[in-house]
Amino acid sequence: MVEAAKPTHAFGLPLLAEGELRVAPSILSADFGALAAEIAKVAGVTDWLHVDVMDGHFVPNLTVGPPVVASIRRHTGMFFDCHLMMTDPGEYLEAFRDVGANSCSVHVEVGETGALCAEMRRLGLGVGLVVNPETPYEAAAPYLHLVDLLLIMTVHPGFGNQSFIADCVPKLSQARAQAEREGLHVTLQVDGGIDERTASVAALAGARCFVAGSAVFRASDPAEAVLRIHAAAYGPISAGR
Ligand code: DX5
Ligand code: ZN
């Protein structure tokens, strides 16, 4: 097994340092029959990988679980950011940790948020919380001090290659304002319909981690696509300094 990325979160350090940004390619849009080769295409240009876990209950689709995470861990030391679209994520957190997940993100809509965050912390996982498009920011606000990463969905979860819902962008600004007010270091992540144009919009509102599935793995050159999205996001961030 390849050694996993260092679990900096276990020591209370931020997932991304101030001023850093990441593109996290989502393997959902990759060729599942050739995952190791697909991951190798982007491993030279980013060290994060987004793993979409769907349980067929919380969302109407099924994808991968711990056995697949274990398999891809044998091929890469990248940071595995596991997005758990599951009704009962608590049942699986330890299993994901044991096979090499670095962080897990649970949906605020499934409830038990405080307990799930505590369990992820106890396991040494990065602690992520996800907010669906129809869920108001206020549902996540009470938990911001417990998390390392807040994921604002900009599509309805369940499928790749959907259109970016711009109405969700103000939640990023709300999260950034709350984090500033409360002196919290939370990585703001955005997921759904991210490409060069929408990454720039999300970056302006405070996003620093950009999940991109189809824009990366359906591109003729996935590495170049990552670099382009990174550059598009970096523009508004550097201008704001
Ligand atoms: C959707 C997933 C996303 C998906 C994004 O439920 O959470 O991570 O892979 O795909 P694109 O980038 O194609 O919208
Ligand atoms: Zn996702």
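So, the second largest pocket: 25 residues line it, and Gly160, Asn161, Asp191, Gly192 and Gly193 are the ones nearest its centre. Pocket here means an open set of points on a 1 Å grid over the protein atoms alone, where a 1.4 Å probe fits, with protein on both sides within 12 Å along at least five of seven lines; a lining residue has an atom within 4 Å of a point. This is a predicted model, where local features need pLDDT of at least 70 and side-chain atom pairs count only at pLDDT 80 or more, while totals for chains, interfaces and linings use all residues. Residues are numbered from 1 along each chain as its sequence is written, chains are lettered from A and ligands numbered from 1 in the order written, and side-chain values use heavy atoms, leaving out hydrogens and water.

Okay, Asp191 again. Along with His50 (NE2), Asp52 (OD) and His83 (ND1), Asp191 (OD) is a protein donor of the zinc ion (ligand 2), at 2.1 to 2.3 Å. Donors are N, O and S atoms within 2.8 Å of the metal (3.2 Å for Na, K and Ca); water isn't among the atoms, so sites may look incomplete.

Why octahedral? Because the 6 donor atoms around the zinc ion subtend angles of 70 to 168 degrees. The rule for six donors is opposite ones over 155 degrees apart and all others between 65 and 115.

In sequence, the donor residues run H-x1-D-x30-H-x107-D. Both Asp52 and Asp191 are buried, meaning under 20% relative accessible area with a 1.4 Å probe, protein chains only.

Last one: the largest pocket has a volume of about 430 Å³, the space filled by probe spheres set on the grid points, which are joined across faces, edges and corners.

Key: Tetrahedral: all angles 85-135°; square planar, octahedral: opposite > 155°, others 65-115°. Buried < 20%, exposed > 50% of the residue type's maximum accessible area, 1.4 Å probe, protein only.
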